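Reader: Could you walk me through this structure and show me how each label is earned?
Author: Gladly; ask away.

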Amino acid sequence: MTGKKVHWDELTKNDVGMDVESIRRSFVEAVEYRQARDEYSVSDWDFFQSLSYAVRDRMLDRWNQTQQRHYKADKRRVYYISLEFLIGRLLRNALLNLGIFDEAKAAMATFGLDIEDLLNEEVDAGLGNGGLGRLAACFLDSMATLGLPAMGYGIRYEYGMFEQRIAASQQVEVPNNWLRFDSPWDIARPNFMLPVRFYGRVVSRMDAEGNVRFDWVDTEEVMAVAHDFLVPGFKNDACNTLRLWAAKASNAFDFANFNRGDYVRAVHDKTASENISWVLYPNDNVAQGKELRLKQEYFLVSATLQDAIRRHLKTNPSAANLHEKAVFQLNDTHPTLAIPELMRLLMDEHGLSWDVAWHTTRNAMAYTNHTILPEALEQWNVSLFERLLPRHLQIIYEINFRFLKEVQQRFPGDDHRVRRMSIINEDGERSVRMAHLAVVGSYSVNGVSALHSDLVQERLFPDFAAMHSDRFNNKTNGVTPRRWIAGCNPALAKLVTKSIGDEWVRDLNRISEIEAFAQNGNFGKSWRVAKNDCKKRLVHWIKKEQGIEIDVNTMFDVQVKRIHEYKRQLLNVFHVLHRYLSLKKGIGIDRPARTVFIGGKAAPGYDTAKSIIHLINATGQLINNDPDTKHLLRLVFVPNYNVSVAELVIPAADLSEQISTAGLEASGTGNMKFAMNGALTIGTRDGANIEIGEAVGEENIYFFGLSREGVDEIFQRGYNPQAMVTASPRLREVLDFISSGVLSPRDKGAFAPIFSSLFSHGDRFLVLADFDAYIDCQARVDADFVDTKKWTTMSILNTARNGHFSSDRTIAAYAEEIWRTEPV
């Protein structure tokens, strides 16, 4: 056997060489033997698949070695649980991290193939929506690059969230069937199939030692099937795993019903079970959507914990010390059911007592909060919990009972505090506060920017912070420079590497060395050429996709992110309308021409956000077709915004719009990506904007509007939105123009949800209050943009001073301060 093993290792090394000839050979074999194509039937899609398989083979070699090293090192493992992983396309990233992009490009060239054509054949994975999912993907890259023993866990959504199309200026949702042709990166693991149960009832019994035990019986069972995506580190031979669970019916086909001719009932169980992993974030405006979403969250954590315990028991005699060998990072409140589920598994499946199980659970869980918006902090009705997860509700009641006893002992007689801190919300219909459960059941609670972490303690969980201040900490977000500079901006990456070497790709702090060239005329000229290359690339794509002509010499003013009122895309379009109305009167025609890009998806049930998309598109239709102004101002809505689109848009931006209401954006990561690529930021003092401002210098960022304290003060005084309109002729003109029906001649009430938000609901996000300050700040941007030398210097400094915002730095802090694990 030893001889055979040596022979196998040598053969494997030959088959997965990193040189041009080895890649050529693997590619040809994949075309013929995996795609079953010959020279007459092969397509670009087959070429993409074949190159991907050739690259995946090289990753699998590293993956197998990495898993062996993890078992031998026996370090504490990190399990990063997230409902989203917005991983985008994977081939370019894999080539870069393996260090074989140039070799693969040369290998393809020998067949007359342009590697860029093959890269563009790849479909974005439909596994996420916004910043939460993209952050998780950046973290996976950094965990692998730092060599940490870590895995990501999520759901393999069949149809993603949705594909966004624009019809009659409005968002239309269609299924995102990203797996229609399968994915070369998706490695099915049918041997890792785990049962996940729902419904049923709980019965008690006495065990042999006289202890009360509980059995969850008469349940409905769904099988969780593992699918692995490989995550290569940057040039370090490490390759970690993103494991995604697909739901499969335990009884997929009822032959009796089929034979009776009831073909629908014959596959009913299959459909009912497998819809758990069909769509990300089902519309929870209806009861069925709420139930499906809770099912998804439990499905994810149950399968993940069972898998982690299985792995733990390979090298440990008991699950009691799981917390010493594993940590589960809960990415927001969605995976909070991990806490009662781990308790259930430890007590009901592995026979541990409550006290031992609770000690293990609470020391294995760490919670990251991503929002202070009350509506985003999940609460589930007790009635739904009781029907769907009766054993878990029982465990949550017991956790709450024991926790509130601690509160009463610590703060005797303070009944209001007890009520506020209870995991069960007794106001109105009783519900389970998932964020409270996450805090009670975790040993670490972190925010994602300095401001946000302060707000988490001061506003969101002040009672918990008073009781357990040592649990709370900050970990400011970061993004991976591999994808967000080296991968998406090759022109800039080439210039930086030529000037200071390539160590910055692994250690982004090294990029500060380009500051020495900030005043260098030749470097500045090269910098502008690199930016122009990115702008030309975007212009070409917009022309191809939307048929819109854009002048590459205009200022590219960009806001791309999830559409939400607090992110204030509405404020942006108000500025565009103000600018347009001014130009129509001959005012501001000497200002630099602008092309404003706005992109993002609105949740299907979020009417106000969808109305904002309608307004953006209707405004663009008007402005882009007006011969008086279209050479000075254009507005482009970028549909179906995803990672691949971001990789085109972000490097091309001159100005980055980060204009959320102060105190409401937890961190933001788009702000970091834009700044790394040399865009200047216009924004509020919110989230990580504050830390970016500190890093780049106040003179190299455009702050405007109310601060967090100012927001508090204006609401305390009694905010009157109408008074803002009365005091601002510019604002009044914009609102009157929208109300006039010019933008919606067939439906003058089309934008009623927007006006309802601003006036009937009190302009909760202070769009009207910040309007004038925003307009004035945009005038400063105009003045600086025409000074090419000044703008170029500011752009260079934004990139040079953003090394702190690498996800490598963030993950190193998680590893040292929260996870207490080390690289292998």
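## How the labels are earned

Author: Before we start, please keep in mind that this is a predicted model.

Reader: What makes E349 and R197 a salt bridge?
Author: The rule asks for a side-chain nitrogen of Lys or Arg within 4 Å of a carboxyl oxygen of Asp or Glu. For E349 and R197 the closest N and O atoms are 3.7 Å apart, so the pair passes. The two residues sit in distant parts of the chain, 152 residues apart: E349 belongs to helix α13 (residues 338-349) and R197 to strand β5 (residues 187-198).

Reader: Why is E349 called partly exposed, and is R197 buried or exposed?
Author: Buried means under 20% relative accessible area and exposed means over 50%, with partly exposed in between. E349 has 46%, so it counts as partly exposed. R197 has 19%, which is under 20%, so R197 counts as buried.

Reader: How do you know that K535 and D654 form a salt bridge, and where do they lie?
Author: Their N to O distance is 2.8 Å, within the 4 Å limit, so the label applies. K535 is in helix α23, while D654 is in the loop between α26 (643-652) and β20 (655-658), and the two are 119 residues apart. K535 has a relative accessible area of 4% and is therefore buried. D654, at 5%, counts as buried too.

Reader: What makes K585 and E733 a link between distant parts?
Author: Their side chains meet in a salt bridge, 2.9 Å from N to O. K585 lies in the loop between α24 (569-584) and β18 (594-599), and E733 lies in helix α31 (residues 729-739), so the pair ties together parts that are 148 residues apart in sequence. E733 has a relative accessible area of 26%, which falls between the two cut-offs, so E733 is partly exposed.

Reader: How many salt bridges does the rule give, and which residues are joined into one network?
Author: The count comes to 58. Salt bridges that share partners join R189, D228, R243, D307, R310 and R311 into one network.

Reader: Why are α23 and α34 called roughly perpendicular?
Author: The axes of α23 (residues 521-546) and α34 (residues 788-800) cross at roughly 80 degrees and come within 10 Å. Angles from 65 to 115 degrees count as roughly perpendicular, so this pair of helices earns the name. On the α23 side the contact is made by F523, G524, W527 and R528, and on the α34 side by T788, T792, S795, I796 and T799. Sorted by class, the contact has three nonpolar, five polar and one charged residues.

Reader: Which strands are the edge strands of the six-stranded sheet, and what makes them edges?
Author: The sheet is open, with parallel pairing and the order β19-β18-β17-β20-β21-β22. Its edge strands are β19 (633-638) and β22 (702-703), each of which pairs on one side only.

Reader: How do you know that β18 and β19 pair?
Author: Pairing needs at least two bridges, and six join these parallel strands, so they qualify. For R594, the bridge partner in β19 is L633. Helix α25 (residues 607-624) lies across β18 and β19, running at about 140 degrees to β19.

Reader: Why is Q658 called buried?
Author: Q658 lies in strand β20. Its relative accessibility is 5%, under the 20% cut-off, so Q658 counts as buried. Leaving aside neighbours within four places in sequence, its contacts include K561, F674, T681 and N689.

Reader: Which residues are buried in helix α28, and what covers them?
Author: In α28 (residues 689-696) the buried residues are N689, E691, I692, G693 and V696. The cover includes α19 (450-460), β20, α27 (670-676), β21 (680-683), β22 and α34.

Reader: What makes both faces of β15 count as covered?
Author: S444 and N446 on one side, and V445 and G447 on the other, are all buried. Three bridges join β15 to strand β11 (residues 365-368), running parallel, and three join β15 to strand β16 (residues 472-474), also parallel. Among these bridges, A366 partners S444, and V445 partners F472.

Definitions and conventions. Residues numbered from 1 in each chain as written. Predicted model: local features only at pLDDT ≥ 70, side-chain atom pairs only at ≥ 80, totals over all residues. Heavy atoms only, no water. Axes fitted to C-alpha atoms, helices over the stretch in contact; angles between N-to-C directions. Helix = DSSP H or I, 4+ residues; strand = E, 2+ residues; numbered from the N terminus. Parallel < 35°, antiparallel > 145°, perpendicular 65-115°, else oblique. Contact = heavy atoms within 4.5 Å. Nonpolar A, V, L, I, M, F, W, Y, C, P; charged D, E, K, R; others polar. Buried < 20%, exposed > 50% of the residue type's maximum accessible area, 1.4 Å probe, protein only.
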